[in-house]
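Trainee: Could you take me through one spot in this fold and then work outward from there? I'd like the surroundings too.

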Amino acid sequence: MGVLELRGITMAYGRRTLFSDVQADVPPGRCLVVTGANGAGKSTLLKIIAGLLRPESGTVAYDGTRGYAAPDVQLYGELTGLENLAFFARLRGVPDAPGAALLAEVGLARGRGHDLVSAYSSGMRQRLKLAVSRLGDPPLLLWDEPTATLDGAGKARADDILARHRAGGGLAVVATNDPAEAERWGDLRLTIGA
């Protein structure tokens, strides 16, 4: 697993610059917590790192797969939790995805994987998004507001997943406005829009 390197990342929409000259190195086993006011560009920065958006200038260097979970990731309500995992696994080229194990990891075991996602609560959908981000055990996790709709048990599971990921040499970039999460997760910090 390599180092994630952000060099001079600048992003603007029209005449409005969200952030400029963002620099960071995230080595294996570390977590970069991105904070900033609403609208500062936290989600945009994560999308740039994920390869979903191109910055105005600067580079993202990382030679490895990425797992992405964000509020705007769309799940398919007409599919079950397990079917959603199988669908996203096929899209990502992940053979033999351990859907049941991933559902258990995020607390959606006990038959909930066979329920249609349209019947899931917002917290259950968020748990499923975290499971989708873990497909193929990517070395880099990109989580945007990962606990926004989770209950206490769900937040504890997110903490555990992130801790085990880092202990295994994985790296992460997490956007949050929760000071307690920033303290627990981030040994590296980046505030944008400041």
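Trainee: Let's zoom in on one residue: is Asp137 buried or exposed, and what is its relative accessible area?

Mentor: Asp137 is exposed, with a relative accessible area of 53%. The cut-offs are under 20% for buried, over 50% for exposed and in between for partly exposed, using a 1.4 Å probe and protein chains only. Before we go on: this is a predicted model, where local features need pLDDT of at least 70, side-chain atom pairs count only at pLDDT 80 or more, and totals for chains, interfaces and linings use all residues. Residues are numbered from 1 along each chain as its sequence is written, and side-chain values use heavy atoms, with hydrogens and water left out.

Asp137 sits in the loop between α4 and β6 (140-144). Helix and strand names follow DSSP runs, numbered from the N terminus: H or I with at least four residues for helices, E with at least two for strands. The backbone at Asp137 has a phi near 50 degrees, a positive value in a residue other than glycine. For background, most residues other than glycine have a negative phi. Asp21 has a positive phi as well, near 55 degrees, but that residue is in strand β2 (residues 16-26) and is partly exposed at 48%. There is also a glycine to look at: Gly51, just after α1, takes a positive phi of about 85 degrees.

Now step back from the loop into α4 (residues 122-133), which packs against α3 (residues 99-106) at about 130 degrees with the axes 9 Å apart. Axes here are lines fitted to C-alpha atoms, for helices over the stretch in contact, and angles run from 0 to 180 degrees between N-to-C directions. That angle makes α3 oblique to α4; the scheme is under 35 degrees for roughly parallel, over 145 for roughly antiparallel, 65 to 115 for roughly perpendicular, and oblique for the rest. The crossing of α3 past α4 is right-handed, which says the near helix is turned clockwise from the far one by less than a right angle. Leu102, Leu103 and Val106 of α3 meet Arg127, Leu128, Leu130 and Ala131 of α4, where contact is heavy atoms within 4.5 Å. By class, that makes six nonpolar, no polar and one charged residues. Nonpolar covers Ala, Val, Leu, Ile, Met, Phe, Trp, Tyr, Cys and Pro; charged covers Asp, Glu, Lys and Arg; the others, Gly among them, are polar.

On to the next helix partner: α3 also packs with α5, at about 120 degrees and with axes 8 Å apart, and these two are oblique to each other too. Here Ala104, Glu105 and Val106 of α3 meet Arg157, Ile161 and Arg164 of α5, giving three nonpolar, no polar and three charged residues. Ile161, in α5 (residues 152-167), is buried at 1%. Beyond its neighbours within four places in sequence, Ile161 contacts Glu105, Val106, Arg134 and Trp143. Arg134 is 27 residues away in sequence, yet 9.3 Å away in space, C-alpha to C-alpha.

Then there's the sheet. Five strands form an open, parallel sheet in the order β5-β6-β7-β3-β8, with β5 (66-69) and β8 as the edge strands, each pairing on one side only. Pairing takes at least two DSSP bridges between two strands. Strand β3 (residues 31-35) is joined to β8 by four bridges and to β7 (residues 171-175) by four bridges. For landmarks, Thr35 stands opposite Thr191 in β8, and Val34 has Ala175 as its bridge partner in β7. In β8 (residues 188-191), Leu188 and Leu190 point to one face and are buried, while Arg189 and Thr191 point to the other and are not.

Back to α4: this helix lies across β5 and β6, at about 170 degrees to β5. Helix α1 lies across β3, β5, β6, β7 and β8, at about 155 degrees to β6. The buried residues in α1 (residues 42-50) include Leu45, Leu46, Ile48 and Ile49.
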